[in-house]
Amino acid sequence: MTVQAGESSIDIGLSARNAAHRGEDSSAIGRLVAASALMLFLELALIRWLGANVVHLSYFSNFILLGSFLGIGAGFLISRKSWSIWPASLPLLTILVIGVLKFPITIEHTGSDMIYFTSLEVSGPPAWAALPLLFLMAAIILAGPAELVGRCFARLQPLTAYRYDLIGSLIGIVCFTALSFLRAPSLAWGLIVAALYLALTVPRRRLVTGGWSIALLFALTMETMSPGVSWSPYYKVTTHEVPDMGPGFLRIDANGVPHQLMAPAKWKIEQGERIYETPYLRLQGNAMQDVLVIGAGSGSDVAIALSEGARRVDAVDIDPRILEIGAQYNADRPYANPGVTRHTNDGRAFLESTGRKYDLVVFALPDSLALVSGASQIRLESFLFTEEAMASVHRHLKPGGAFAMYNYYREPWLIDRLAGTAAKVFGHAPCVDTFAGAQAVISIAVAQQKQKCAGVWQPSTAQPVPPASDDAPFLYFRGNTFPPLYGITLVAILLTSLVTVRALGGPFGQMRSYADLFFMGAAFLLLETKNVATFALLFGTTWLVNALVFAGVLVVVLAAVETTRKFRTPPLPLVFAGIAASLALAWVIRPEWLLPLPFVPRLIAATLLAFLPIFLANVAFAKRFQGTGDSQAAFAINLLGTIVGGCLEYAALFTGYNNLLIVTGLLYLVAFLLVPKDRMRPA
């Protein structure tokens, strides 16, 4: 659905693009900031909202991010043309929201080499149809605001335009972060999006835009007002009473998947699943003075620990809303016990920051239904199950202490992997109790004689999958082959991107002069992904850490642009040499080496290692970008390069995150070799 650009409030006129003098156009700057804020806010909102309402999509949020990149790049290319995609953006967004709410979709999850936590049957279209459709919808929707940004780029000097684009993006991420902090419902996101769409639409079309805005807000109002619906920074949380089971039972769904059953501790022990009582049968005689429960959730596991004699309990969970539900509605009132302290934090981050030692540490079903961000394959609990994390648990146990973890692990190979990790760290085999459907309890004491196993653990295969590591924290990835669903979808994304660029940008030969910017985009996305993983390990997988990383990246990029605008910077060969040196330094100094440092030195070291190459890379980009004759095409090609970088990020499944720096370095080397010779000379 396209129309003539006409009098779009940000369609400044194609003739302005060729103006000889492009200075500080205050009208274009204001519109650019607003459109950029809408663009980034809408991207973040789509990733969160679709992940919350399309079951299992939160495991594939990277595909929505890549769709956003394609849409933004396409929008910049469209901004060079006489027609506009902008009028179609809000209607398509409204149709998408209403369609998803009216016709629920479940992304198919098959195979045993990559595990997804769920208890739902697959419904709706197959993944090969659903994922491309959502990818394309995200791309077309984001192309609208991106087109407006691109038309503003035509009226400004390249670095001036880029500067205000970054400022608008920062405003967008700050607004979304604030709403996450407030745990605002989807209606609040919709109000901001609708207001920006209205503000950026010409007066003669605002009536139509207002109509679509009302339809969008009505749909989000119905969702927000649905019984039991609330939002945490990670999930759309829905609570359901279970009257058939009696009072005190509450089912908690996260992103449409049954996540927890809050039930009285007595019922869970006597009539419920046997995994809850088994650790205490295998670890009899434990002092139980100090207990740590990671994955405390709504409090049932804490109540069981108290019923088994625990005196003091640290209850850790990453989701503040689920902790609140437990404090308000759990019939056992575990969080009202004076011996219980609640901690809203990532489990691994809590382990690394606490100085206490425990008689018992329990991983109480700490599984997530979402990735840390769209720019990584790290789940919220990924760093909790690595070999290094298990060693941290061991260090936090008293001499007579013990550790237990239990869950519905779904596959025997995963049980063997976790049991093998515990055996490697503790120096002896754990107790392993398995139940129907690959439920399992793994219990191990510091002193082997304090375990009372029902039998000797034997792996189900001759060669169990080795432990996950902090560099490759992919616990649920078996590692035999690349997941077919990922491979097929990534190939489709790359082909779609090629067709889009060719259709909107013309023959590839015409864009050859910007090939270096394409590879810079791919390298930068990989660099950003690596930093998301590093900060998640060093400071936790919480939403706040993730938001601060992305905001920090934007600030550093803005600093690089300002440095290039106001100061004489070294020639490009020296800047690229600095990029190579900083990448080599970050590769040599592994993130896990920084974990033992106190918080402030760790933060300083991590910031320098992560943001120095980002700063230098963006000085190189800014120097190259400021002299481009067609800033819209140049910026579009750079953005489309990020799609390739997003696809290459999946290589971390085999290489680990640290070796992504080698791939990043090679991409910057290719970019350096492709820089036009006339751009190599100092200005």
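This is a guided tour of selected strands, helices and cysteines in a predicted model.

**Stop 1: the open sheet**

Begin by selecting strands 3, 4, 5 and 6. They form an open sheet of four strands in the order 3-4-5-6, and the pairing is antiparallel. Colour strand 3 (229-231) and strand 6 (257-262) separately: these are the edge strands, and each pairs on one side only. Looking from one strand to the next, the twist averages 30°.

Now add helix 2 (residues 26-53), which packs on this sheet and touches strand 3 and strand 4 (236-241). The direction of helix 2 makes about 145° with that of strand 3.

Next, narrow the selection to strand 5 (residues 250-254) and strand 6. The two run antiparallel and are joined by five bridges. For one of the bridges, select aspartate 253; its partner in strand 6 is proline 258.

**Stop 2: strand 7 and its neighbours**

Select strand 7 (residues 290-294). Is this strand mostly covered or mostly uncovered? Strand 7 is mostly covered, with five of its five residues buried. Show the side chains: Asp290, Leu292 and Ile294 point one way, while Val291 and Val293 point the other way. In a regular strand, side chains alternate between the two faces of the sheet.

Add strand 8 (residues 312-317), which runs parallel to strand 7 and is joined to it by five bridges. Here aspartate 290 stands opposite arginine 312 of strand 8. To follow the connection, trace the chain from strand 7 through helix 11 (residues 300-307) to strand 8; this β-α-β crossover is right-handed.

Then select strand 10 (residues 358-364). Strand 10 pairs with strand 7 over four bridges, in the parallel sense. Valine 293 has valine 362 in strand 10 as its bridge partner.

**Stop 3: the cysteines**

How many disulfides does a search of the whole structure find? The search finds one. Select cysteine 431 and cysteine 453, which a disulfide joins with an S to S distance of 1.9 Å. The link is left-handed, with -80° about the S-S bond. It connects distant parts of the chain, 22 residues apart: cysteine 431 lies in strand 12 (residues 431-435), and cysteine 453 in the loop between strand 13 (439-445) and helix 16 (484-505).

Compare the surroundings of the two ends. Cysteine 431 has a relative accessible area of 1%, so it is buried. Cysteine 453 has a relative accessibility of 34% and therefore counts as partly exposed.

Move to cysteine 152. Why is there no bond from its sulfur to cysteine 175? The closest cysteine sulfur, in cysteine 175, is 18 Å away, which is too far for a bond. Cysteine 175 is likewise in no disulfide. Cysteine 152 is buried, with a relative accessible area of 0%, whereas cysteine 175, at 33% relative accessibility, counts as partly exposed.

**Stop 4: helix 3 against helix 16**

Finish by selecting helix 3 (residues 61-78) together with helix 16. Two packed helices are described by the angle and the distance between their axes. In this pair the axes come within 10 Å and cross at roughly 5°. Helix 3 and helix 16 are therefore roughly parallel to each other.

Display the side chains where the two helices meet. Helix 3 contributes Phe63, Leu66, Leu70, Ala74, Leu77 and Ile78. The residues they meet in helix 16 include Tyr486, Leu490, Ile493, Val501 and Leu504. Thr489, Thr496, Ser497, Thr500 and Gly505 of helix 16 also belong to this contact.

Conventions:
Residues numbered from 1 in each chain as written. Predicted model: local features only at pLDDT ≥ 70, side-chain atom pairs only at ≥ 80, totals over all residues. Heavy atoms only, no water. Pairing = 2+ DSSP bridges. Axes fitted to C-alpha atoms, helices over the stretch in contact; angles between N-to-C directions. Contact = heavy atoms within 4.5 Å. Buried < 20%, exposed > 50% of the residue type's maximum accessible area, 1.4 Å probe, protein only. Right-handed = clockwise from strand over helix to strand, strands pointing away. Disulfide = S-S within 2.5 Å. Parallel < 35°, antiparallel > 145°, perpendicular 65-115°, else oblique.
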